[in-house]
Amino acid sequence: AVADGVQIIVQGSSSAIGGQITEDVRKYNLRNPGKEVVYINVGAEALELTGEKCNFHHFRFAGNADVRVQALVKAMKENKSLGTKVYAINQNYSWGQDMEQAIEASAQLGGYQVVEKTLHDVNKIQDFAPYVSKISASGAETVMTGNWSNDLLLMMKASKAAGLKAHFATVFLDQPGNISNAGDLAVGHYVAHVFNAEASGAEGDRFVADYTARIGHAPVFVEPQTVFGLEMVADALKRTKPVNGALDVNAFAKTLEGTRLKTPGGEISVRAADHQALMPMVVSVVSKDARYKADGTAFGFKPVKAFTGEEASTPAQASCKMQRPD
C-alpha cells in the first residue's frame with residue numbers, strides 16, 4: 001500500500017489482523033517522519049488496539065468488548081431477561097479474552113454471577129454438545145458470547161437440540177447469513193450493534209433506502225459503522241489543507257480527532273485520548289415483530305434499548321500512552 005502511495009488504510013475485520021496492521025503502521029511512521037500513513041479501523045474490536053497498542057495514527061470506528069457487554073447487560077437487565085446466572089463462552093484469542101474479562105467486570109452492574117467461563121479454539125469445533133451440557137449443568141439463564149461465524153451458529157444449534165432455555169447475549173448475531181442459517185432458533189436472542197434502522201425512525205429509513213440503492217442490500221453488521229467512519233474521514237479530508245499538493249497525514253489526524261457526525265442513531269465523536277469513536281449502540285432481540293427482516297427471513301432485530309455515544313462509552317484505558325507528533 002505504501003509503495004503505491006497510499007496514505008489512508010481501511011480495514012474492517014479480525015482483531016488479529018488489525019493488531020498487526022496498527023503495529024506495522026506505527027513502526028513505518030516512526031521510520032519515515034513526514035511520510036506518515038493512517039489506519040482507519042472499522043471492525044477490529046480488541047481492547048489492546050486502543051489500549052497498550054494505541055497510537056496517534058490509528059482510529060477505531062467500531063465498538064469493543066467493554067462497550068458491547070455493558071450495553072447488553074443494561075438493556076437485558078432492564079428488559080428482565082438477563083437473570084442472575086451468566087455463562088461466558090468465547091473464542092480463545094484477544095477478542096474472546098476481552099469479552100470474558102468484560103463479562104466478569106460487568107457482573108456487579110448486571111447483578112449476576114458468572115457461573116462458569118470457557119475459552120475454546122477458533123472455528124475448529126464441529127460439535128458444541130459437550131459445551132452445551134456444561135452450560136445446562138451450570139444453571140445459567142444467559143449465555144454471553146463474542147463468538148462469530150460457525151462458532152456462534154453451531155453453538156446455538158446444539159443449544160436448541162439440547163432444549164437449553166437460556167438467552168444468548170451476542171455481539172455478532174447480525175453477521176450476514178446468521179439468521180438465515182439459524183432460523184427460528186435465533187428468536188429471543190440478543191445482539192448489541194451500532195445501528196438498527198427501526199430504532200432510528202425516519203432518518204433510519206432514509207439511510208437504509210439510500211444504502212440499498214447504492215449497494216444493493218440493506219446495511220448490516222459492520223457496514224453502517226464503516227459508512228459513518230468514512231463520512232467522518234471525508235469531512236476531515238475536506239478541512240485539511242494540502243501541503244505541496246499532498247495530504248498532510250498528521251494534520252488530517254488532528255482534524256479527524258475533532259470531527260463529529262450526526263447519524264440516524266445519534267452523534268459520533270472521536271475521543272482524542274485513544275482515538276476510540278464514541279458511537280451510539282442499540283441492543284436488539286430477534287423477533288418476527290421486527291420491521292426490517294434479516295437475510296430474507298421472517299425474522300429481524302427488534303430494538304430493545306438505544307444508547308447515545310456518551311451513554312454507551314467506557315473510559316479510555318490507562319494503558320494507552322499515546323505519543324503525539326510535535
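These legends walk through several close-up views of a predicted model.

**View 1. Helix α1 and the elements that cover it.**
Helix α1 takes in residues 15-31. Its 17 residues, at 1.5 Å a residue, should span 24 Å, and the C-alpha atoms at its two ends are indeed 24 Å apart, so the expected and modelled values agree. The buried residues of this helix are S15, G18, G19, I21, T22, E23, V25, Y28 and N29. Look around them and you will find their cover, which includes the strands β1 (8-11), β2 (38-41) and β3 (58-60), together with helix α3 (94-105).

**View 2. S14, in the loop between β1 and α1.**
This view pauses on a backbone detail. S14 is not a glycine, yet it has a positive phi of about 65°. Is S14 buried, partly exposed or exposed? With a relative accessible area of 28%, S14 is partly exposed, because buried means under 20% and exposed means over 50%.

**View 3. Helix α3 in its surroundings.**
Here the helix that helps to cover α1 takes centre stage. Helix α3 has 12 residues, which at 1.5 Å a residue should span 16 Å; the C-alpha atoms at its ends are 16 Å apart, in agreement. Its buried residues are W95, G96, D98, M99, E100, A102 and I103. What covers these buried residues includes the helices α1, α2 and α4 (107-110), along with the strands β4 (85-91), β5 and β6 (142-144).

**View 4. Helix α2 crossing helix α3.**
Two packed helices are described by the angle between their axes and the distance between the axes. The axes of helix α2 (residues 65-78) and α3 come within 9 Å and cross at roughly 40°. The two helices are therefore oblique to each other, and the crossing is right-handed. On the α2 side, the contact is made by A65, D66 and V69, while α3 brings W95, D98, M99, A102 and I103. By class, these contact residues divide into 6 nonpolar and 2 charged, with no polar ones. Several names may look familiar: W95, D98, M99, A102 and I103 are also listed among the buried residues of α3.

**View 5. N123, in the loop between β5 and α5.**
The loop shown here runs between strand β5 (113-120) and helix α5 (129-138). Within that loop, N123 has a positive phi of about 50° although it is not a glycine. Its relative accessibility is 31%, so N123 counts as partly exposed.

**View 6. L164, in the loop between α6 and β7.**
On either side of this loop are helix α6 (150-161) and strand β7 (167-170). L164 has a relative accessible area of 19%, so it counts as buried. Which residues does L164 touch, not counting those up to four places away in sequence? They are V132, I135, S136, V143 and S159. For a sense of scale, the C-alpha atoms of L164 and I179 are separated by 18 Å, and the two residues are 15 residues apart along the chain.

**View 7. Helix α9 crossing helix α10.**
Helix α9 covers residues 223-238 and helix α10 covers residues 249-257. Their axes come within 9 Å and cross at roughly 120°. That angle makes α9 oblique to α10, and the crossing is right-handed. M232, V233, A236 and L237 of α9 make the contact with F252, T255 and L256 of α10. Sorted by class, the contact has 6 nonpolar residues, 1 polar residue and no charged ones.

**View 8. S287, in strand β12.**
Strand β12 covers residues 281-287, and S287 is buried, with 14% relative accessibility. Leaving aside neighbours within four places in sequence, S287 is in contact with A298, F299, G300 and K302.

**View 9. T308, in the loop between β13 and α11.**
The last view shows T308, placed between strand β13 (300-307) and helix α11 (309-312). T308 is partly exposed, with a relative accessible area of 40%. Once neighbours within four places in sequence are set aside, T308 is in contact with M279 and P280. T308 and T50 are 258 residues apart along the chain, and their C-alpha atoms are separated by 20 Å.

How values were computed: Residues are numbered from 1 along each chain as its sequence is written. This is a predicted model: local features need pLDDT of at least 70, side-chain atom pairs count only at pLDDT 80 or more; totals for chains, interfaces and linings use all residues. Side-chain values use heavy atoms; hydrogens and water are left out. Axes are lines fitted to C-alpha atoms, for helices over the stretch in contact, and angles run from 0 to 180 degrees between N-to-C directions. Helices (H or I, at least four residues) and strands (E, at least two) are DSSP runs, numbered from the N terminus. Angles under 35 degrees count as roughly parallel, over 145 as roughly antiparallel, 65 to 115 as roughly perpendicular and the rest as oblique. A crossing is left-handed if the near helix is turned anticlockwise from the far one by less than a right angle, and right-handed if clockwise. Contact means heavy atoms within 4.5 Å. Ala, Val, Leu, Ile, Met, Phe, Trp, Tyr, Cys and Pro count as nonpolar, Asp, Glu, Lys and Arg as charged, and the others, Gly among them, as polar. The expected span of a helix is 1.5 Å times one less than its number of residues. Buried means under 20% relative accessible area, exposed over 50%, partly exposed in between (1.4 Å probe, protein chains only).
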